[in-house]
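User: Let's go through this one together, one short question at a time. Keep it plain, please.

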Amino acid sequence: MDLSVVLPTLNGRDRLATSLDALAEHAPDAEVVVVNGPSADGTTGMVRERDDVDVLVEISDRNLNVARNAGLEVADGDVVALLRYDLSVESSWLSALEAGIADADVVTGPMHQTLRNGMTTESLERNAIGGRTVTYFNGGNVAFRRGAIDALDGFDEYLQTGGARDAAHRLAGFGRSVAWAPEMCVRREFEADGGVSERDWGWKYRSLTYRLVKNYGVRPGTATRTAKHAVSDGVGAALGVVKGDVTPSGWAGTGRDVLGGIATGVSDGLVARARDRTRTRNPHGRSKRADRAVARYDWR
């Protein structure tokens, strides 16, 4: 197995350095591709001073799926792993990846994250939708056989969020297998701050409806799944108003963002479905443009 590891990063120099150190220790023979950009914290200089990075690609788009595709373009391995820049592989990661990819098209594993009150981890997530069994994967800890990721034409660059979940739907459409490897572990070395980040509700629902409509069309199941998410989030926001954590005007504004996101996602999903009627369902894929990289440093 020839393994390439792609690490998209943005203003994460110190955490990226820790991740690269772990790769050098636990997967020293892997080809390492860093996709940076556009960072303003000295990431470029740090990477260029190391001797364990094979390719550095500089991009100008602040879009994770653009960064993923830029890395896939230059990776040479017959197996390509995607690793989040702030995650460090554990000692069992490589052997678990090799065992999992031997019998599947895609293999993914859990992230261990240290919190103030202990440690969290993840488990397998699977759903049945539109006659498919969709196995989701961790977009920051996943490895693909080259044929599987090429069949998808990479990731959909329309999406600001939810690119991995969209790819999971499309993998299911091709009948590609996704394996769960509990020992393919990665760890977040830096303690989470414990705060609640502000969610972009518009993009959450825009992404959700876009990928559902693009992959399955307008059908009752699509509307039902969207409604379930909206009701659950609406109840949660209403409880926030009762507790005083959210203002009534903030709750109303969230509702407007959700409705706007749904409307835009449905419209754009229909356009995308019409533009790519193949099983690939990726009108904004890797092959659709050749101008992602603004600079490339190749030390292979």
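User: Is R281 buried or exposed?
Analyst: This is a predicted model, where local features need pLDDT of at least 70, side-chain atom pairs count only at pLDDT 80 or more, and totals for chains, interfaces and linings use all residues. Residues are numbered from 1 along each chain as its sequence is written, and side-chain values use heavy atoms, with hydrogens and water left out. Buried means under 20% relative accessible area, exposed over 50%, and partly exposed in between (1.4 Å probe, protein chains only). R281 has 12% relative accessibility, so it counts as buried.

User: Where is R281 found?
Analyst: R281 isn't a glycine, yet it has a positive phi of about 45°. Helices (H or I, at least four residues) and strands (E, at least two) are DSSP runs, numbered from the N terminus. On that numbering, R281 is in the loop between α9 (248–275) and β14.

User: And N11: what does it count as?
Analyst: N11 also has a positive phi, about 50°, although it is not a glycine. N11 lies in the loop between β1 (3–9) and α1 (13–26). Its relative accessibility is 36%, so N11 counts as partly exposed.

User: How many residues of β3 are buried?
Analyst: Look at the two faces of β3: V55, V57 and I59 are buried on one side, and L56 and E58 on the other. Both faces are covered. The count for β3 is 5 of 5.

User: Which residue of β14 stands opposite V57?
Analyst: Strands pair if DSSP finds at least two bridges between them. β3 and β14 (residues 293–298) run antiparallel and are joined by 5 bridges. In that pairing, V57 stands opposite R296.

User: Which residue stands opposite E58 in β3?
Analyst: Here the partner strand is β2, which runs parallel to β3 with 4 bridges. The residue opposite E58 is N36.

User: Where does the largest nonpolar core lie?
Analyst: A nonpolar core is a set of buried Ala, Val, Leu, Ile, Met, Phe, Trp, Tyr and Cys residues joined through side-chain atoms within 4.5 Å. The largest has 36 residues, and V35, F137, F144, F155 and L171 touch the most other members. Domain bounds come from an automatic or database domain assignment. Since both give residues to this core, it lies between domain 1 (3–195) and domain 2 (201–275).

User: Which residue caps the N-terminal end of α3?
Analyst: Helix α3 (residues 64–74) is mostly covered, with 9 of its 11 residues buried. At its N-terminal end, a side-chain oxygen lies 2.8 Å from the backbone nitrogen of N65. The residue supplying that oxygen is N63.

Definitions and conventions
Polar contact = N/O pair within 3.5 Å; in protein donor to acceptor, adjacent residues only side chain to side chain.
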